[in-house]
Amino acid sequence: MTELARQAMAARQKAFAPYSGFLVGAAVETTDGAIYTGCNIENASYGLTVCAERVAIWKAISEGVPPGAFRAIAIAADSPHPTPPCGACRQILAEFAPQATVTLINLQGVTREFTVAELLPESFNASYLR
Ligand code: THU
């Protein structure tokens, strides 16, 4: 298992998911080799829940990592088939980590790998605003 996947697995243990019971961890690696982790954080007002992927990206951005400076993200969850990122997180990845390799991993160590473009083809992005 890669170090990034290991850190996603470890971050999953920190998930606050009392409503769904579904724990997710994520770890993003920057082009400098730094790693930021995240877990899903739920709220009694369910719609305020944030996914593990976004927490990891927000932590990195809030520490000064420039948008686009990510080379990989690993996402860990307990599902028979490795859990893919939700639609909202795909949009965030398309804007902040378009070059990142996305590795999904479950607790049995089964992995799947995608590009962000494979997960969200023809994505809306800032170029359309100009
Ligand atoms: N969740 C994530 O954190 N990432 C995903 O890729 C899929 C879903 C979370 C959100 C919610 O806390 C729980 O999993 C169930 O949807």
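A polar contact is a pair of N or O atoms within 3.5 Å. With that cut-off in hand, the ligand site of this predicted model is a good place to begin. An oxygen atom of the ligand lies 3.4 Å from a polar backbone atom of Pro84, and that distance falls inside the limit because polar contacts take in N or O pairs within 3.5 Å. The backbone of Ala52 also takes part, with an N or O atom 3.0 Å from a ligand oxygen. Asn40 contributes through its side chain instead, where an N or O atom is 2.9 Å from an oxygen atom of the ligand. The residues around the ligand also include Ser20, Phe22, Val24, Glu42 and Thr49, together with Cys51, Glu53, Pro85 and Cys86.

Next comes a pair of helices. Two packed helices are described by the angle between their axes and the distance between the axes. Here, helix H2 spans residues 52-62 and helix H3 spans residues 87-96; their axes come within 9 Å and cross at roughly 30°. H2 is therefore roughly parallel to H3. The crossing of H2 past H3 is left-handed. On the H2 side, the contact is made by Glu53, Arg54, Ile57, Trp58 and Ile61, while H3 supplies Ala88, Cys89, Ile92, Leu93 and Phe96. Of the residues in this contact, 8 are nonpolar and 2 are charged, with no polar ones. Glu53 appears in both settings, being one of the residues around the ligand and one of those through which H2 meets H3.

Arg90 offers a last point of orientation, and this residue belongs to helix H3. Setting aside neighbours within four places in sequence, Arg90 touches Pro84, Pro85, Leu119 and Leu120. Among these partners, Pro84 and Pro85 are also found around the ligand. Gly64, by comparison, is 26 residues from Arg90 in sequence, and their C-alpha atoms are 21 Å apart in space.

Methods:
Residues are numbered from 1 along each chain as its sequence is written. This is a predicted model: local features need pLDDT of at least 70, side-chain atom pairs count only at pLDDT 80 or more; totals for chains, interfaces and linings use all residues. Side-chain values use heavy atoms; hydrogens and water are left out. Axes are lines fitted to C-alpha atoms, for helices over the stretch in contact, and angles run from 0 to 180 degrees between N-to-C directions. Helices (H or I, at least four residues) and strands (E, at least two) are DSSP runs, numbered from the N terminus. Angles under 35 degrees count as roughly parallel, over 145 as roughly antiparallel, 65 to 115 as roughly perpendicular and the rest as oblique. A crossing is left-handed if the near helix is turned anticlockwise from the far one by less than a right angle, and right-handed if clockwise. Contact means heavy atoms within 4.5 Å. Ala, Val, Leu, Ile, Met, Phe, Trp, Tyr, Cys and Pro count as nonpolar, Asp, Glu, Lys and Arg as charged, and the others, Gly among them, as polar. A residue is near a molecule or strand if one of its heavy atoms lies within 4 Å of it. A polar contact is a pair of N or O atoms within 3.5 Å; within protein, one must be able to donate a hydrogen and the other to accept it, and residues adjacent in sequence count only if both atoms are side-chain atoms.
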